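Okay, everyone, thanks for coming. I'll put the structure up, and then we can walk through it together.

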Amino acid sequence: MSTIVLGCDSNGVNDKGCRDTVAKLLENAGHKVEKLSIGPGLFANASYSKSSKGKIGIFLIAAGTFSIADLYYGNTYFKYAYFGIRGDIPSQKAGREPGFSTLKIGKDPDCTSVCSKIAGLTFKQMNEKLKDRVHIVGGSTPTEIGNNIVKAMGGNATDSSSSSDSASTIKEALKEVLSGWDGDVECFIRDDTVHIQKISDPSTAKLSLIESKDIFYDSVSVTDVNPSTVNHLEVEYKNQIITIEDESLIKRFGKISSTISATDANTLKGAQAFAKTEWAKIRRENGHVLECKVLGNTKWKIGQWVRVYLPSFHIDDYMYLSKVSQDDSDGDWVCNLTLVDYPPSLGEPEDEEESNDDETSVEESS
């Protein structure tokens, strides 16, 4: 089987979930997958890196010819490349039939003249012209995109879940339905009811963790597992730039910037909402995790915002409770808490051993 370098552009809809679903399907088919971080330019950089020699490149994009033309006519080290067109994004009709075979794809506004070599062709026509080095597939869901890539590589399509039980199927269905709101909504089960709700603003927090007050100081553990995550975001809208940044992360790791376009926004307010959602997803990705113990109390539940003030650990912010477990094995009632900067994506289910009895996230990721 092949070693695959898998990338996904910043398309604004369930990017990480789509990438991870495709990765799982490729791994189920026996391939070794090297996942790139979400964002533009990373796949192009990989294609020009000698470390990619002999590997297969796969890039998940919304539409356009820039990435395809750049790879085909450039000096790529990939032995072959596949592009998955994101038909799971509501506005991208070219990612699914009949658009895949009938819509003519124009060159991206910021593309060089190389795009003119294939601009005006449908994706089906591009496959005929570029078949010696590139193959393009589409799909209306991440699972369909992944399976179409697997089939294009000569494999058999499979379910993205390793289990075929009904609970897994329901979770996959929920993830597909909610993918368009990733970063804006959360989903959890309480008692026998599935709840889907908009993620509340952090400032609505009713719980707090205050140093020297209600937290066991020697139990505190703070981890930065992804310090290379973007901490300065610029969103382009017409002739304006919307800028959001995290000063504390910039101070710790230096400025790491990314620029994206709010191409689908019709108003400035819409562009600002898009920027807020993208920033939320970035906060989710930065891997800033707080683990600690507090005195036992039923108020601690997964899915709640907490005002956290731990100056000794450089934390003065709102954080989200992603895991809660109760422990009274030594006669003292203690709660073990895990907090992150933003609710997890609608991705992997939470570990059952670490979930609450009365509130469990349907789809949690670490």
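Before anything else, one cut-off: when I say buried, I mean under 20% relative accessible area, exposed is over 50%, and partly exposed is in between. And keep in mind that what you're looking at is a predicted model.

So, with that in hand, take K55. Its relative accessible area is 17%, so K55 counts as buried. Its partner is E34: the two form a salt bridge, and the closest N and O atoms are 3.0 Å apart. This pair ties together distant parts of the chain, with K55 in the loop between α2 (42-47) and β3 (56-61) and E34 in strand β2 (residues 32-35), 21 residues apart. Is E34 buried or partly exposed? At a relative accessible area of 29%, E34 is partly exposed.

K55 and E34 are one case; by the rule used here, the model has 12 salt bridges. Let me show you a couple more, around helix α9.

First up, K281 and E278, whose side chains meet in a salt bridge at 3.6 Å, N to O. Both sit in helix α9 (residues 268-285), three residues apart, which is about one turn of the helix. K281 is buried at 8% relative accessibility, and E278 is buried too, with a relative accessible area of 7%.

Then there's D317 with R283, where the closest N and O atoms are 3.2 Å apart. Here the link is between distant parts of the chain: D317 is in strand β15 (residues 315-327), R283 is in helix α9, and 34 residues separate them. On the accessibility side, D317 comes out partly exposed at 30%, while R283 is buried at 14%. There's also a network: salt bridges with shared partners join K16, R19, D20 and K35.

Okay, on to the sheet. We've got an open sheet of six strands, in the order β8-β14-β15-β16-β13-β9, and the pairing is mixed. Which strands stand at the edges? Those are β8 and β9 (221-224); each has a single partner strand, so one side of each is left without a neighbour in the sheet. From one strand to the next, the twist averages 30 degrees.

Let's look at β8 up close, residues 207-210. In a regular strand, side chains alternate between the two faces of the sheet. In β8, L207 and L209 point to one face and are buried, while S208 and I210 point to the other face and are not buried. The neighbour here is β14 (residues 305-310), which pairs with β8 in the parallel sense over four bridges. If you want one contact to click on, S208 has R307 of β14 as its bridge partner. On to the β14 and β15 pairing: that one is antiparallel, over six bridges, and L310 has I315 in β15 as its bridge partner.

Last stop, the largest pocket. How much space lies in there? About 1,400 Å³. The lining has 48 residues, and D9, S10, N11, S261 and T263 are the ones nearest the centre. α2, β3, α3 (66-73), β12 (257-261) and α9 each put at least two residues into that lining. Helix α9 turns up again here, with the largest share of the lining, six residues. By type, the lining residues split into 20 nonpolar, 18 polar and 10 charged.

That's my tour. Happy to rotate the view if anyone wants another look.

Technical notes:
Residues are numbered from 1 along each chain as its sequence is written. This is a predicted model: local features need pLDDT of at least 70, side-chain atom pairs count only at pLDDT 80 or more; totals for chains, interfaces and linings use all residues. Side-chain values use heavy atoms; hydrogens and water are left out. Buried means under 20% relative accessible area, exposed over 50%, partly exposed in between (1.4 Å probe, protein chains only). Two strands pair if DSSP finds at least two bridges between them. A salt bridge is a side-chain nitrogen of Lys or Arg within 4 Å of a carboxyl oxygen of Asp or Glu. On a 1 Å grid over the protein atoms alone, a cavity is a set of points where a 1.4 Å probe fits but cannot get out, and a pocket is an open set with protein on both sides within 12 Å along at least five of seven lines; lining residues have an atom within 4 Å of a point. Grid points are joined across faces, edges and corners, and a volume is the space filled by probe spheres set on the points. Ala, Val, Leu, Ile, Met, Phe, Trp, Tyr, Cys and Pro count as nonpolar, Asp, Glu, Lys and Arg as charged, and the others, Gly among them, as polar. Axes are lines fitted to C-alpha atoms, for helices over the stretch in contact, and angles run from 0 to 180 degrees between N-to-C directions.
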